[in-house]
Amino acid sequence: MKTLVAFFCLLLASLVSLPAAEPEAPAFPGVEKAMTPEQYEAAGLSKLDATERAKLDEFIRNYVSVSNEKVATSAVDKAVKEKKVSEPEVIQSRIVGPFTGYTGTTVFTLENGQRWAQSQRDSAYYPKIDSPPVVIVKAGFGYRMYIQGASAIRVSKVR
């Protein structure tokens, strides 16, 4: 069992250190390039300085990225419910917000929109980790969540 946990910890560490794959669609070029000069002017965006425009561009990139991930996850969940495909064997995401451990009844909200609840009553406390990466692996009749910087725990999908 310790060997299995060590293997998945190494797997998680290697996945986190890999560079992210390039998206299929070209990256958002920024509002100034995405809009016509007339649209840009009509929206009042010419009043923004370079720093403000960069913040707006970053917000739009993040919003679109999270929205796309939620839509994709929802499509997969729907296909699984309709028995068109089987549940994925491995799920990668991050816990939303800070993680300090689990109490026996903790529900984990992930960036991909999924929620997972502990299915074992263990408690553990860790130094605060901001949005730690997780890997959830189908293991026999359930799932096991491997949290970077913490121990693995059995979980069940809430939604």
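These are my notebook entries on a predicted model, covering a sheet, a core, one glutamine and the salt bridges.

**Entry 1, the sheet.** I began with the strand order, and I found an open sheet of 6 strands that reads E1-E6-E7-E8-E4-E3, with antiparallel pairing. Strand E1 (90-94) and strand E3 (107-109) are the edge strands, since each of them pairs on one side only. I then looked up the angle between neighbouring strands of this sheet, which comes to 35 degrees on average when direction is ignored.

**Entry 2, edge strand E1.** I asked myself how many bridges join E1 to E6. There are 5 bridges, and the two strands run antiparallel; within this pairing I noted Ser-93 standing opposite Val-134 in E6. I next followed the side chains along E1, and they alternate: Ile-91 and Ser-93 point to one face and are buried, whereas Val-90, Gln-92 and Arg-94 point to the other face and are not buried. For context I wrote down that in a regular strand the side chains alternate between the two faces of the sheet.

**Entry 3, E4 beside E8.** I moved to the other part of the strand order and looked up how E4 meets strand E8 (residues 152-157); the two are joined by 3 bridges and run antiparallel. One residue pair I recorded here is Ala-117, whose bridge partner in E8 is Ser-156.

**Entry 4, Gln-118.** I stayed with strand E4 (residues 115-118), where Gln-118 is found. Is Gln-118 buried or exposed? Its relative accessibility is 7%, and because buried means under 20%, Gln-118 counts as buried. I then checked what the polar side chain does there: the side chain of Gln-118 reaches the backbone nitrogen of Thr-103 at 3.5 Å, and a polar atom of that side chain lies 3.1 Å from the backbone oxygen of Gln-120. I also listed the contacts of Gln-118, leaving aside its neighbours within four places in sequence, and they include Tyr-102, Thr-103, Gly-104, Thr-105, Thr-106 and Phe-108, as well as Ile-153, Arg-154 and Val-155.

**Entry 5, the nonpolar core.** I looked up the largest nonpolar core and found that it has 16 residues. Those with the most contacts inside this core are Phe-108, Trp-116, Ile-136, Met-145, Ile-147 and Val-155. Strand E2 (98-102), strand E6 (133-139), strand E7 (142-147) and E8 are the elements that give two or more residues to it, and the largest share, 3 residues, comes from E7. I noted that Phe-108 and Val-155 are also among the contacts of Gln-118. As background, in soluble globular proteins nonpolar side chains tend to be buried together.

**Entry 6, salt bridges.** I searched the whole structure for salt bridges and obtained 2. In one of them Glu-32 pairs with Arg-53, with the closest N and O atoms 3.3 Å apart; this pair links distant parts of the chain, as Glu-32 belongs to helix H2 (residues 31-34) and Arg-53, 21 residues apart from it, to helix H4 (residues 50-81). I compared the settings of the two residues: Glu-32 counts as partly exposed at 44% relative accessibility, whereas Arg-53 is buried, with a relative accessible area of 18%.

The side chains of Lys-128 and Asp-130 also meet in a salt bridge, at 4.0 Å from N to O. Here I found Lys-128 exposed, with a relative accessible area of 58%, and Asp-130 exposed as well, with 55%.

Technical notes: Residues numbered from 1 in each chain as written. Predicted model: local features only at pLDDT ≥ 70, side-chain atom pairs only at ≥ 80, totals over all residues. Heavy atoms only, no water. Buried < 20%, exposed > 50% of the residue type's maximum accessible area, 1.4 Å probe, protein only. Polar contact = N/O pair within 3.5 Å; in protein donor to acceptor, adjacent residues only side chain to side chain. Contact = heavy atoms within 4.5 Å. Pairing = 2+ DSSP bridges. Axes fitted to C-alpha atoms, helices over the stretch in contact; angles between N-to-C directions. Core = buried A, V, L, I, M, F, W, Y, C linked by side-chain atoms within 4.5 Å.
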